[in-house]
There are 2 protein chains.
Amino acid sequence: MSAFQRNAEVLVQRLQATVELTDDERSAIYRLPLHVRHFERGQDLVREHDRPSQCILILDGWIARYKVLGDGKRQIVSIELPGDMPDLQSLYLEVMDHNLGSLTKCVVGFIPHVAMKAWLAAHPRLAAAMWRETLISGSISREWVLNVGAREAYARVAHVLCELYVRLKAIGRTENDSFVLPLSQSALGEAVGVSSVHVNRVIMALRKDGLIAVAQGVVTILDITRLIEVSSFDDTYLHMRQAA
Amino acid sequence: MSAFQRNAEVLVQRLQATVELTDDERSAIYRLPLHVRHFERGQDLVREHDRPSQCILILDGWIARYKVLGDGKRQIVSIELPGDMPDLQSLYLEVMDHNLGSLTKCVVGFIPHVAMKAWLAAHPRLAAAMWRETLISGSISREWVLNVGAREAYARVAHVLCELYVRLKAIGRTENDSFVLPLSQSALGEAVGVSSVHVNRVIMALRKDGLIAVAQGVVTILDITRLIEVSSFDDTYLHMRQAA
DNA sequence: CGCTCTCTTGATAGACTTCAATGTTAGTGG
DNA sequence: CCACTAACATTGAAGTCTATCAAGAGAGCG
């Protein structure tokens, strides 16, 4: 397998979490015309009000969708992982309504809109699968509204950890019950709508309660049952083929 | 124009807020095979974990997407207005991840999935327009994450009022700067993630500050400039053809 | 008229923020 | 190898926003 193929492999994994793919479809994915670029942590790939002419496929690294208020307060509205195409929507919605910024060092494949549209037209079943992805992305946003709107801080953080665990597992980026969490507590706070200080207290509590362990940026889930329970996590909204 | 045509007219209006339609497309919309039903306020049209076999087009009335936590706390994750098809996604995502409940008396058109798929296949430009709608729906959800996650209560309520005003205006359901707001303060609280008591205080404050007036369920916007300002409202996320 | 639902208001409690300081870790260059 | 720096994590104290509880007022309805 060439390096080129390995690049798109993560999209295959991602789609297979929600639909079945034929050999032909897999090879069509490998033939996606990617222009690969690297980004440092903390860079904006796309900005609000931009009018992109290409789409992004995350090959490695984490990206945040975020919005900023007038007073500088930042809200991360979703976290995008390898295999995600965070601005597929720009094919149909000309103007970006949020920013895409790297949370880590990233490897990203750019695909011109024209090429993407041709590819989607040539592969209707894959087009449907990609649409499914945008719908799931909307579903995740709705769950996040619930998360920041109705849960208390302790449950919010627990819920995000559950979501990331399930999504990372689907793309083979977990190891037993551990995964690398490259988010600062401040970024986590921006995702769940609490201050970094309070995120810290919540994480300390989750550790004290024996739900998780944290060491060098690696989170280990010690008691998945209770973590699901305290966060009222129900993975329906991720629309995966098999439940976690 | 027949009553049948008037039913679907609201969808025409809705789509024209974001795209242009030809005469042929308009008449295709009028020919959508609707099975019309009426609902009282407070009824569930679709429930979480359902597997719908038909889509909903709202002809009249307001519908809430909502989720419920274990402790009974309810979060409205979006408000759907006439012309919206809140579960178009069920064409691609088999299982519902949220509930759809009527906020008012409603008139709803049901369209079997099979018929909807055939109609979309027959009208690619309309299919694209409908996809746009689902993308916009996702965009609105992201804005709501920002709303409940980063704004304080006063701005949250102001923001929802701005959004409803713009969306209602697009379908011709405003009168000058007034619109009917059939939401109880308790429902509003469930939408913005605060208690009904606090919603009441915020609304009193908005009235005292001269931003809005409220009488018999009709909201009048007295100072749109300041309402936009205090809520940091930017209508980009609604992706309308012309800004408000 | 009484019933119910919603709005309104006050008092108290709790969750979370902000400010501020200290501890920890990893990286850098001498 | 150590001093120095920068970023991030941790902790405390005080203050603010919002929730909860409770009770009364108003409006619509059978």
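This report walks through selected strands, helices and contacts of a predicted model.

**Strand β6 of chain A**

Start with β6(A), which covers residues 99-102. Asn99(A) and Gly101(A) point one way from the strand, while Leu100(A) and Ser102(A) point the other way. In a regular strand, side chains alternate between the two faces of the sheet. All four residues named here are buried.

β6(A) pairs with β2(A), residues 44-46, in the antiparallel sense. Two bridges join these strands. Here Asp44(A) has Gly101(A) as its bridge partner. β6(A) also pairs with β4(A), residues 63-68. That pairing is antiparallel too, and it has four bridges. Opposite Gly101(A) in this pairing stands Ala64(A).

**A three-strand sheet in chain B**

Now move to chain B. Its strands β8, β10 and β9 form an open sheet, in the order β8-β10-β9, with antiparallel pairing. Which strands stand at the edges? They are β8(B), residues 178-180, and β9(B), residues 212-215. Each has a single partner strand, so one side of each lacks a neighbour in the sheet. On average, neighbouring strands are turned by 20° against each other, direction ignored.

β9(B) and β10(B), residues 218-221, run antiparallel and are joined by four bridges. Val214(B) has Val219(B) as its bridge partner in β10(B). Helix α5(B), residues 153-170, packs on this sheet. The helix touches β8, β9 and β10 of chain B, and its direction makes about 90° with that of β8(B).

**Two helices that cross**

Helices α6(B), residues 185-192, and α7(B) pack with their axes 8 Å apart. The angle between them is about 100°. That makes α6(B) roughly perpendicular to α7(B), because angles of 65 to 115 degrees fall in that class. From α6(B), the contact uses Gln185(B), Ser186(B), Leu188(B) and Gly189(B). From α7(B), it uses Ser196(B), His198(B), Val199(B), Asn200(B) and Ile203(B). By class, this contact has three nonpolar, six polar and no charged residues.

**Around DNA strand D**

There are 15 residues around DNA strand D. Which of them come nearest? They are Gln185(A), Glu152(B), Ser195(B), Val197(B) and His198(B). Three helices each supply at least two residues of this surface: α6 and α7 of chain A, and α7 of chain B. The largest share, five residues, comes from α7(A). Six residues of the surface are nonpolar, seven polar and two charged.

**Where the two chains meet**

Chain A and chain B each give 36 residues to their contact. On the side of chain A, the elements giving two or more residues are β4, β5 (74-80) and α4 (124-150). The largest share, 16 residues, comes from α4(A). This side has 14 nonpolar, 15 polar and seven charged residues.

**Two residues with positive phi**

Two residues of chain A other than glycine have a positive phi. The table gives their values and places.

| Residue | Phi | Location |
|---|---|---|
| Gln216(A) | near 45° | loop between β9 and β10 of chain A |
| Ser232(A) | near 45° | segment after α8 of chain A |

Are these residues buried or exposed? Gln216(A) has 5 C-beta neighbours inside 10 Å, so this residue counts as exposed. Ser232(A) has 20 other C-beta atoms within 10 Å, so this residue is buried. The cut-off for buried is 20 or more such atoms, and for exposed 12 or fewer.

Technical notes. Residues numbered from 1 in each chain as written. Chains lettered and ligands numbered in written order. Predicted model: local features only at pLDDT ≥ 70, side-chain atom pairs only at ≥ 80, totals over all residues. Pairing = 2+ DSSP bridges. Axes fitted to C-alpha atoms, helices over the stretch in contact; angles between N-to-C directions. Contact = placed C-beta atoms within 7 Å. Near = placed C-beta within 6 Å. Nonpolar A, V, L, I, M, F, W, Y, C, P; charged D, E, K, R; others polar. Parallel < 35°, antiparallel > 145°, perpendicular 65-115°, else oblique.
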